[in-house]
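Ready for a few exercises on side chains and their neighbours? Have a look at the model first, then work through the solutions step by step.

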Amino acid sequence: ARPDHHDRIRALGGEPYDYRDPGWVDQVWRDSDGGVHAAFDGFAEDGFAKSYGVLRKPGKVIALGMGSLLTQGKGIVWTIPWMIRSFLWWNLLPNGKSLGFYSIQGDYKRYPERFKADLGELMRLLEAGEIEPNVAERIGFEDIDDAHQRLRDGGLDGKIVLVP
């Protein structure tokens, strides 16, 4: 995570590492006494190779979306095939490690019943106060162009909520 998110990660009980620090993979290995069982990687294309490197056996990386592709100036047309090829190749290796991908939009289309069940559980947790979303800002529909630009620019601490 970027350093400006480290305090929030610690407050939630996590141990943050700056992904821009070239030594973060070695530091995770030292701190975790031999790697982690799961890594959730929101950087997809640029980040999952290093996240794969911090896994112990058995272990799994879950790539969460591809939002970074919008801000890195790389074409999704070329990146998606590269990612799929890498996922397939690494999942064939007999090393007890694997890669997976989670996409809300993909699950909604491919597994609608599972998506509805997950969404229902999420809403239950929210209503019960067991989770608290990190909202960066609430923006009216009239400012939707600005919201999209801010998403492309990156650096938000939380989600933008559109309010009619």
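**Exercise 1.** Does Glu130 count as buried or exposed?

*Solution.* First, know your model: it is a predicted one, where local features need pLDDT of at least 70, side-chain atom pairs count only at pLDDT 80 or more, and totals for chains, interfaces and linings use all residues. Residues are numbered from 1 along each chain as its sequence is written, and side-chain values use heavy atoms, with hydrogens and water left out.

Next, take the cut-offs: buried means under 20% relative accessible area, exposed over 50%, and partly exposed in between (1.4 Å probe, protein chains only). Glu130 has a relative accessibility of 52%, so it counts as exposed.

**Exercise 2.** Find the salt bridge partner of Glu130, then look at the pair Glu137 and Arg150.

*Solution.* Start with the rule: a salt bridge is a side-chain nitrogen of Lys or Arg within 4 Å of a carboxyl oxygen of Asp or Glu. Glu130 meets Arg124 this way, at 3.4 Å from N to O. Arg124 is partly exposed, at 40%. Add Glu121 and you've got a network of salt bridges linking Glu121, Arg124 and Glu130.

Now the other pair: Glu137 and Arg150 form a salt bridge at 2.3 Å, N to O. Glu137 sits in strand S4 (residues 135–140) and Arg150 in helix H8 (residues 144–153), so the bridge ties together parts that are 13 residues apart in sequence. Helices (H or I, at least four residues) and strands (E, at least two) are DSSP runs, numbered from the N terminus.

Across the structure, there are 8 salt bridges.

**Exercise 3.** Work out which residues of helix H2 are buried, and where they point.

*Solution.* Go along H2 (residues 24–31), and you'll find Trp24, Val25 and Val28 buried. Looking down the axis of H2, the buried residues fall within an arc of 105°, so they line one face of the helix. That arc is taken from the directions between the helix axis and the C-beta atoms. Finally, the buried residues of H2 pack against strand S1 (36–41) and helix H3 (48–53), where contact means heavy atoms within 4.5 Å.

**Exercise 4.** Spot the places where Arg sits over a ring.

*Solution.* Check the rule: NZ of Lys or CZ of Arg must be within 6 Å of the ring centre and within 35 degrees of the ring normal. Arg20 has its charged end over the ring of Tyr19, 5.7 Å from the centre. Arg114 lies over the face of Tyr111, at 4.2 Å from the ring centre.
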